[in-house]
There are 2 protein chains.
Amino acid sequence: MKPDWIAVDWGTSNAQFWAIGADGSVLGERKSDKGMGQLAPSEFEAVLLDIAGDWLSITSRVVTCGMVGSRQGWVEAPYQTTPCAVCPSKMVTAPTTRSGLIVHVIPGIRQTNPADVMRGEETQITGFLAQNPGWDGVICLPGTHTKWVHISANEIISFQTFMTGEMFALLAGQSVLRHSIARSGWDNDAFASAMSLTLSRPESLAARLFSLRATQLVHDTDTITLRASLSGLLIGAELAAAKPYWLGQNVALIGANAVSAPYIAGLATLGIQATRMDSTEMTLAGIKAAHALLEYID
Amino acid sequence: MKPDWIAVDWGTSNAQFWAIGADGSVLGERKSDKGMGQLAPSEFEAVLLDIAGDWLSITSRVVTCGMVGSRQGWVEAPYQTTPCAVCPSKMVTAPTTRSGLIVHVIPGIRQTNPADVMRGEETQITGFLAQNPGWDGVICLPGTHTKWVHISANEIISFQTFMTGEMFALLAGQSVLRHSIARSGWDNDAFASAMSLTLSRPESLAARLFSLRATQLVHDTDTITLRASLSGLLIGAELAAAKPYWLGQNVALIGANAVSAPYIAGLATLGIQATRMDSTEMTLAGIKAAHALLEYID
């Protein structure tokens, strides 16, 4: 096994490491729960050596993306500002103590007005565009903080972040609704009906949340139904607000299957057939594209 | 000191006890942090005796309101259903072991469609109407779960609950926004501007939440400003949804000063001068009114 370089997706909670061969193939893959959130800047190098020490006896070049480049990360990789090419024209390197080790950090992207930021998603988009050259349209990246990104001529024109995933987790897990929302399970009709409500009348989001709890108390409604209803209310409100993004556009989704499914269902009711790409695959493809550009710049 | 009866406001987190004289005056007042949330049904009586044992050596009649009457409380006091008189025509009594002790529990109120429930607020409204006989209009009770209640001819016609207070606490304290929201402080202009945004375009709530975080990262906006903005976004969305309640109506607020102030400011921009009453005073007045009705029924 001869890794040519190492790709790392280093997020807030987890990190994923790949050994990449000279032909771009994946020679090995490892994971760690030592995310940025629990590491001081000086601790990243030791984690890297701990996870990938054997690979680093053969190669010393690393390309990483994600929260590793935030102000609280290994080194701050200053944001690019929209409109900008998704693939960065330069990268910062992280401070290291081991001789010869070079760690390139892919920068995030920010937007001035309305203010917005991303770190990590730009790499997934880079991967998507590497696989779909010349693609124009809107990419939706569902997750804790769902992002809608307008792409034209290989540039990010604008983007908008929604806290829908985090709101769902807080409301279902920690609010008074937790007594009424099942931990898993789904009800297509309840989802569609709730989504349609907030999509057409976004102001009803505020009015309908407590109703989920009350519906269970008054009508003994099934908690799986209420889980799908909560998701529908939140995603309907997001789709209403994101209308300038999806209306009349090509839409691609980058995300895991479970988190993407409600978006695909919601967009389908709007007459939009969105294609889905896997987020981990796009991340790796994006780090590879950044690495290739790095070689070109070198 | 000769208490004639004992009034208790027994909520989820706290309880408040008053010794009431034969002339209705308050002879003593005590508090406990033994709320319903931490008590099994069989434990309420011991807490009552512990806090008010000396009073109970003179009187044995207690009237209580709040979550003490919920399914998880001392005894379930079945909801009245809207439309209904705010002051109950009958009350359940809680099971007791001490000879002669009689604990009356004021029932909550439920609405079938849209489903909604209240426990405790009905007593504050009873107190308000006891002090303002014949009053018609809308009462707003700001809090963790803000309620808007339409009153006509001494009846609750309909009501609607908003989770605005709980959403603020979750977003400001536990979401990614916690890094950007000051724990206290206020900015009138930021509040008014954010409120106006979601009031006129409720769909922007979903779009603007993450922007608070991004604005701080990109523009280094003051965290006190962002605290007021978050409050404004949430209350603007609530006022948009509650329009059928406040439009063209007399509006009275029952609540503590801090939680009522943003609502008073918001309603003022809509041309509505809302009067505020203190929630603890209204609760006590409501328990007294229920006690008086009890004597009448007896």
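Let's start with a proline. P114(B) sits in the loop between β9 (109–111) and β10 (116–118) of chain B. The peptide bond leading into it, from N113(B) to P114(B), is cis, with omega near -5°. Keep in mind that this is a predicted model.

There is another cis bond in chain B. It runs from T82(B) to P83(B), with omega near -10°. P83(B) lies in the loop between β5 (80–81) and β6 of chain B.

That brings us to the sheet. Which strands make it, and in what order? Six strands of chain B form an open sheet, ordered β6-β13-β12-β11-β14-β15. The pairing is mixed. β6 (84–85) and β15 (275–277) of chain B are the edge strands. Each has a single partner strand, so one side of each has no neighbour in the sheet.

Take the β6 edge. β6(B) pairs with β13 (residues 155–162) of chain B, in the antiparallel sense, over two bridges. C84(B) is opposite I156(B) in β13(B). A helix also packs on this sheet: α2 (residues 121–131) of chain B. It touches β11 (137–141), β12 (146–152), β14 (251–254) and β15 of chain B. The direction of α2 makes about 130° with that of β11(B).

Now one step further in. β12(B) and β13(B) run antiparallel, joined by seven bridges. V149(B) stands opposite F159(B) in β13(B). The two strands form a hairpin, with two residues between them. In the turn, A153(B) has a positive phi of about 50°.

Look at the matching loop in chain A. N154(A) lies between β12 (146–152) and β13 of chain A. N154(A) is not a glycine, yet its phi is positive, about 65°.

On to the helices, still in chain B. How do α3 and α6 pack? Helix α3 (residues 164–174) and helix α6 (residues 223–241) of chain B meet at an angle of about 150°, with axes 10 Å apart. α3(B) and α6(B) are therefore roughly antiparallel. The crossing of α3(B) past α6(B) is right-handed. From α3(B), the contact uses T164(B), M167(B), F168(B), L171(B) and A172(B). From α6(B), it uses R227(B), L230(B), S231(B), L234(B), I235(B) and E238(B). By class, the contact of α3(B) with α6(B) has seven nonpolar, two polar and two charged residues.

α6(B) has another packing partner to show you. That is helix α8 (residues 257–269) of chain B. The angle here is about 60°, and the axes are 11 Å apart. That makes α6(B) oblique to α8(B). The crossing of α6(B) past α8(B) is right-handed. α6(B) brings S231(B), I235(B) and L239(B) to this contact. α8(B) brings P262(B), Y263(B) and G266(B). The split is four nonpolar, two polar and no charged residues.

Note S231(B) and I235(B). They are in the contact of α6(B) with α3(B), and they are in the contact with α8(B).

Last part: the two chains. How are chain A and chain B related? Chain A can be laid on chain B by a turn of 180° and a shift of 0.0 Å along the axis, with an RMSD of 0.0 Å. That is the relation of a two-fold axis. Which residue of chain A comes closest to that rotation axis? It is P202(A), at 2.9 Å by its C-alpha.

What about the interface itself? 35 residues of chain A are in contact with 35 residues of chain B. On the chain A side, five elements each supply at least two residues: β10 (116–118), β13 (155–162), α3 (164–174), α5 (204–219) and α6 (223–241). α5(A) gives the most, with 12 residues. By class, the side of chain A that touches chain B has 19 nonpolar, 11 polar and five charged residues.

Why do we say the copies meet through the same surface? Because 100% of the interface residues of chain A are also interface residues in chain B.

To wrap up, three points to take back to the structure. The sheet of chain B is open, with six strands and mixed pairing. α6(B) packs with α3(B) at about 150° and with α8(B) at about 60°. And α5(A) gives the most to the side of chain A that touches chain B.

How values were computed. Residues numbered from 1 in each chain as written. Chains lettered and ligands numbered in written order. Predicted model: local features only at pLDDT ≥ 70, side-chain atom pairs only at ≥ 80, totals over all residues. Pairing = 2+ DSSP bridges. Helix = DSSP H or I, 4+ residues; strand = E, 2+ residues; numbered from the N terminus. Contact = placed C-beta atoms within 7 Å. Axes fitted to C-alpha atoms, helices over the stretch in contact; angles between N-to-C directions. Least-squares fit on C-alpha atoms with pLDDT ≥ 70 in both. Parallel < 35°, antiparallel > 145°, perpendicular 65-115°, else oblique. Left-handed = near helix turned anticlockwise from the far one by under 90°. Nonpolar A, V, L, I, M, F, W, Y, C, P; charged D, E, K, R; others polar.
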